[in-house]
Amino acid sequence: MNFTTEERRNIARLLPDMRRRQILIGMGAAAAIGAIGLPGGLRAATTGTLTVAANANPSSLDPATGGSGSDHVFLFNFYDTLIDWTPDTLEPVPGLARAFTFTDPKTLVLDLQEGVTFHDGTPLDAEAVKLNLDRSREAQVSNIRADLETVESVEVTGPLQVTLHLKEPDSALPLILSDRAGMMISPKALSEAEGGRVDRAPVGAGPWKFTGWTDGERVAGEAYSGYWRQGAPGVAKIELLVVPEPTTRLRAVQSGQAQICYQLSERQIPIIKRTPNLTLMETPTLYIYNIYLNAGRGPLQDPRVRQALSLAIDRDAFLLATQAGVGEAAYGFLPKTHWAYSAEPQTLNAHDPDRAAALMKEAGVSGLELDFRGYPDQASVQRQEVIMSQLARIGVKGRFTNAPIAEASGRFFGPEKIGDALLSAWTGRPDPSMSYDLVFSQNSYFNTGKVAAPDGFDAAIAASRATADQAERKAALATAQKLGAESAISIPLTVRYEVDAYAEGVENFTANLLGKPKFNAVTRVG
């Protein structure tokens, strides 16, 4: 599916009015439910195997302990979420919670689907949901505690009803529960797991039951016979092959070894269009190429040095060199089509090497040499070369040490905190406040230096969640975007568009604004 510029603008207009989150979601969401494959969305029998060429090995298949944005495409197969979203707009709709409502600004009530079981047969009831939410917000092993920071307590108020009592109003919470925090794990599996984590043995309530993970090669599952959504999944087995190189991923589909490949290079678009029996999927996403900085060490502790690095980047040249011009320059963590986008970060960080050099001089830093971390695939190496060439113009040098995504990210963000900078990406979150909170908040996993957010930042995030009015949210988020750009603990580079290819016979495969495909509705013909 290709989107014209006008269609992309229409997508932005369709992004949800936040007031919809504060009413009970019921039968009125039926059209959206059908679009994402809930009861009535599919009619085909569950047969055959779907093979997908994936871009990275997962960091973990435990939603609370993982740390890589590329994990979601794996997690969605084994876990459903409490709340779901529509693909084009990310508007919240029912998931494992058949209804959700704010009874007051600080109370969110979830009414669960009846008859849902985990893959081990354990009932998915209110007690199971409470256990999962408390684990995600309190356990030391959890990397998503910040996601649920506004939750004061979780109360079981009925066999299939959970009430979340909040410290402060949080209109983003429904979409937070459509992400990792809303993925429920079997309490039995957690109680039996070593260390209370299921990194390599997921037991969820999603369309497929986990059958195996060969590290760096494949992750597989088979359709769960007790799955609660009628007519889904659309295939009996799913297999995700770990293929880091985009060229190799495309060849896998061209040769018939796989039926779908995602996150291809923009330079491969003409090849896909010329290849018989292949279909191109190209859509805007929330995926932002980004340089994460460890702002807690060395010269990077000085915000002037971080700002200089951002000013030294010519994002338009980077876009042309690494993405064939497909996408857009990024100065924040939202694309221009997003309802919450603010242009002020561009004003603050537009390419200006003279100002960058002046800031370095003002900070008393010269001959700066940084320990860069990255990934070894060809496209990542090309991005590294462009960045080093641009930074060299203000006297910044360094070298990249590359490792697979899960390894490099885990060592940079985890306890080791190895490296000064990581050239990676922010893969997006359903609600814009989530992205800014997770990148800039002091205790966030992705703030590897654990530096304090700028004065006023936390208040801006809180203000954006204290209201359901989209205009008020946009104003508060504009403040957060400005302060984030000034702090420069991360340097956004460009927005990438989803570039996927799928083979003849694949049906019901759709992209989503998040840029992380789901396959539960996909069927194969022939």
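Modeller: A pocket here is an open set of points on a 1 Å grid, with protein on both sides within 12 Å along at least five of seven lines. Bear in mind that this is a predicted model.

Colleague: Fine by me. How is the protein divided into domains?

Modeller: There are two, and one of them comes in two stretches of chain. Domain 2 takes 287-496. The other, domain 1, is made of 49-277 + 504-524.

Colleague: How far apart are the C-alpha centres of domain 1 and domain 2?

Modeller: The two domains do touch, with 34 residues of domain 1 in contact with 31 residues of domain 2. Between their C-alpha centres, the distance is 27 Å.

Colleague: And how much area do domain 1 and domain 2 bury between them?

Modeller: Of the buried area, 56% is on carbon and sulfur atoms. On the domain 1 side, Ser171, Glu266 and Arg267 lose the most area, together 21% of what that side buries. The total that the two domains bury between them is about 2,600 Å².

Colleague: Now the pockets. What is the volume of the largest pocket?

Modeller: Its lining has 28 residues, and nearest the centre are Arg145, Ala146, Glu149, Asn443 and Ser444. By class, that lining splits into 9 nonpolar, 9 polar and 10 charged residues. The volume comes to about 710 Å³.

Colleague: Which helix gives the largest share of the lining of the largest pocket?

Modeller: Both domains give residues to this lining, so the pocket lies between them. The largest share is 4 residues, and they come from the helix at residues 457-465, which is α16.

Colleague: What about the second largest pocket: which residues are the closest to its centre?

Modeller: This one holds about 610 Å³ of space. Its lining counts 39 residues, and the closest to the centre are Asn55, Tyr287, Tyr375, Ser380 and Ile405.

Colleague: Which elements give two or more residues to the lining of the second largest pocket?

Modeller: Each of domain 1 and domain 2 supplies at least three residues to the lining. By class, the lining residues are 18 nonpolar, 15 polar and 6 charged. The elements with two or more residues there are α7, β13, α13, α14 and β17.

Colleague: Turning to cavities, where does the largest cavity lie with respect to domain 1 and domain 2?

Modeller: The search finds 6 cavities of 30 Å³ or more, and the largest has a volume of about 90 Å³. It is lined by 13 residues, with Asn143, Ile144, Arg180, Arg429 and Phe446 closest to its centre. The lining comprises 4 nonpolar, 6 polar and 3 charged residues. Since domain 1 and domain 2 both give residues to that lining, the cavity lies between them.

Colleague: Any backbone oddities I should look at? Which peptide bond is cis?

Modeller: Most peptide bonds are trans. The exception here has omega near -5 degrees, and its proline sits in the loop between β9 (218-223) and β10 (237-242). The cis bond runs from Ala232 to Pro233.

Colleague: What is the phi of Ala324?

Modeller: Most residues other than glycine have a negative phi. Ala324, in the loop between α10 (315-323) and β14 (328-329), is not a glycine, yet its phi is positive, at about 55 degrees.

Colleague: Last one. Over residues 91-443, how far apart are the end C-alpha atoms?

Modeller: UniProt, in an unreviewed entry, places the feature "domain: Solute-binding protein family" on that stretch. The chain there is 30% helix and 24% strand. Its end C-alpha atoms are separated by 28 Å.

Notes: Residues numbered from 1 in each chain as written. Predicted model: local features only at pLDDT ≥ 70, side-chain atom pairs only at ≥ 80, totals over all residues. Heavy atoms only, no water. 1 Å grid on protein atoms, 1.4 Å probe; cavity = no way out; pocket = protein on both sides within 12 Å on 5 of 7 lines; lining within 4 Å. Points joined across faces, edges and corners; volume = space filled by probe spheres on them. Nonpolar A, V, L, I, M, F, W, Y, C, P; charged D, E, K, R; others polar. Domains from an automatic or database assignment. UniProt positions renumbered as here; feature names shortened; annotations may be inferred. Contact = heavy atoms within 4.5 Å. Buried area = accessible area lost by both parts, 1.4 Å probe.
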